[in-house]
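Dear colleague,

I am handing over the structure below, as agreed. Could you look through it and keep the notes that follow it beside you as you do so?

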Amino acid sequence: MNLLTGEYRNTLDEKGRLLFPARLRAELTDTVLIVTQSFDRCLWLFTPEVWRGLSSRLLEKASPFNEQNRLVLRRFIAPAQEVEFDKSGRISIPPSLREYASLSRDCVLLGITKYLELWDAESYRAYLKDNEDSFRGAAEELSVISF
């Protein structure tokens with residue numbers, strides 16, 4: 001897998017299917033993705049390989065006897081579902097995950113190297129607007145990085 005990056009505007013059809021950008025599909029070695037809840041009311045999409053590594057590390061560290069750990073497992077691991085590309089290059093987003101992310105017709109897919117985020121377009125616009133000041137502060141914290 002190469003870098004999964006970019007911002008893509010796509011539409012969700014009436015059956016909850018999303019046409020996956022051809023450029024991103026070309027970077028994938030599998031016809032399956034794992035989709036789950038994320039933070040900020042968006043969805044995270046992982047390749048099976050990345051998902052196996054991340055979920056196994058999380059499960060190794062998390063204890064079902066710890067309340068905070070159970071919360072993370074219930075919100076991140078439990079809702080995860082496998083989705084497969086159809087012949088047209090679409091993935092079908094499960095209804096429970098569409099509801100969680102309030103996905104409407106217009107969506108934004110963000111490539112963040114090892115995973116993807118799927119947002120409702122209006123929710124993403126609002127998120128960016130609401131977090132502009134936080135972004136500036138977070139970027140300042142990374143000032144030790146140069147190129």
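The notes below go through the sheet, the aromatic rings, the salt bridges, the cysteines and two backbone angles.

Please bear in mind that this is a predicted model, in which local features need pLDDT of at least 70 and side-chain atom pairs count only at pLDDT 80 or more, while totals for chains, interfaces and linings use all residues. Residues are numbered from 1 along each chain as its sequence is written, and side-chain values use heavy atoms, with hydrogens and water left out.

The sheet

Helices and strands are taken as DSSP runs (H or I of at least four residues for a helix, E of at least two for a strand) and are numbered from the N terminus. On that basis there is an open sheet of six strands, ordered β1-β7-β8-β4-β3-β5 and paired in antiparallel fashion, where two strands pair if DSSP finds at least two bridges between them. The edges are held by β1 (4-11) and β5 (81-84), each of which has a single partner strand, so one side of each is left without a neighbour in the sheet. Direction ignored, neighbouring strands of this sheet are turned by 25° against each other on average; axes here are lines fitted to C-alpha atoms, for helices over the stretch in contact, and angles run from 0 to 180 degrees between N-to-C directions. The antiparallel strands β1 and β7 are joined by eight bridges, and Glu7 has Leu110 as its bridge partner in β7. Helix α3 (residues 67-77) packs on the sheet and touches β3 (32-37) and β4 (43-46), its direction making about 135° with that of β3, where contact means heavy atoms within 4.5 Å.

Aromatic rings and Asp40

Rings of Phe, Tyr and Trp (for Trp, its six-membered ring) pair if their centres lie within 6.5 Å, and planes under 30 degrees apart count as stacked, over 60 as edge-to-face and the rest as tilted. The structure holds eleven such aromatic pairs, one of which is the tilted pair of Trp119 and Tyr127, with 4.9 Å centre to centre and 40° between the planes. Trp119 is buried at 2% relative accessibility, whereas Tyr127 is partly exposed at 28%; buried means under 20% relative accessible area, exposed over 50%, and partly exposed in between (1.4 Å probe, protein chains only). One aromatic cluster is formed by Phe39, Trp44, Phe46, Trp51, Phe76 and Tyr115.

Asp40, which lies in the loop between β3 and β4, is partly exposed with a relative accessible area of 46%. Leaving aside neighbours within four places in sequence, Asp40 is in contact with Trp119 and Tyr127. Asp40 and Trp119 are 79 residues apart in sequence, and their C-alpha atoms are 9.3 Å apart in space.

Salt bridges

A salt bridge is counted where a side-chain nitrogen of Lys or Arg is within 4 Å of a carboxyl oxygen of Asp or Glu, and by this rule the count comes to five. Among them is the bridge between Arg17 and Asp13, at 2.7 Å from N to O. Asp86 and Arg90 form another, their closest N and O atoms being 2.7 Å apart; Asp86 is partly exposed at 28% relative accessibility, and Arg90 is partly exposed at 23%. Arg125 also meets Glu122 in a salt bridge, at 2.9 Å from N to O, and because these two residues are three apart in helix α5 (residues 121-130), they are separated by about one helical turn. Arg125 is partly exposed at 44%, as is Glu122 at 48%.

Cysteines

With a disulfide taken as a pair of cysteine sulfur atoms within 2.5 Å, a search of the whole structure finds zero disulfides. The sulfur of Cys42 is 12 Å from the closest cysteine sulfur, in Cys107, which is too far for a bond. Cys42 is buried at 0% relative accessibility, and Cys107 is buried at 2%.

Backbone angles

Ser102, in the loop between α4 (95-100) and β7 (106-113), has a phi near 50°, a positive value in a residue other than glycine, and is partly exposed at 45%. Thr113, which lies in strand β7, has a positive phi near 70° and is likewise a residue other than glycine; its relative accessible area is 34%, so Thr113 counts as partly exposed.

With best regards
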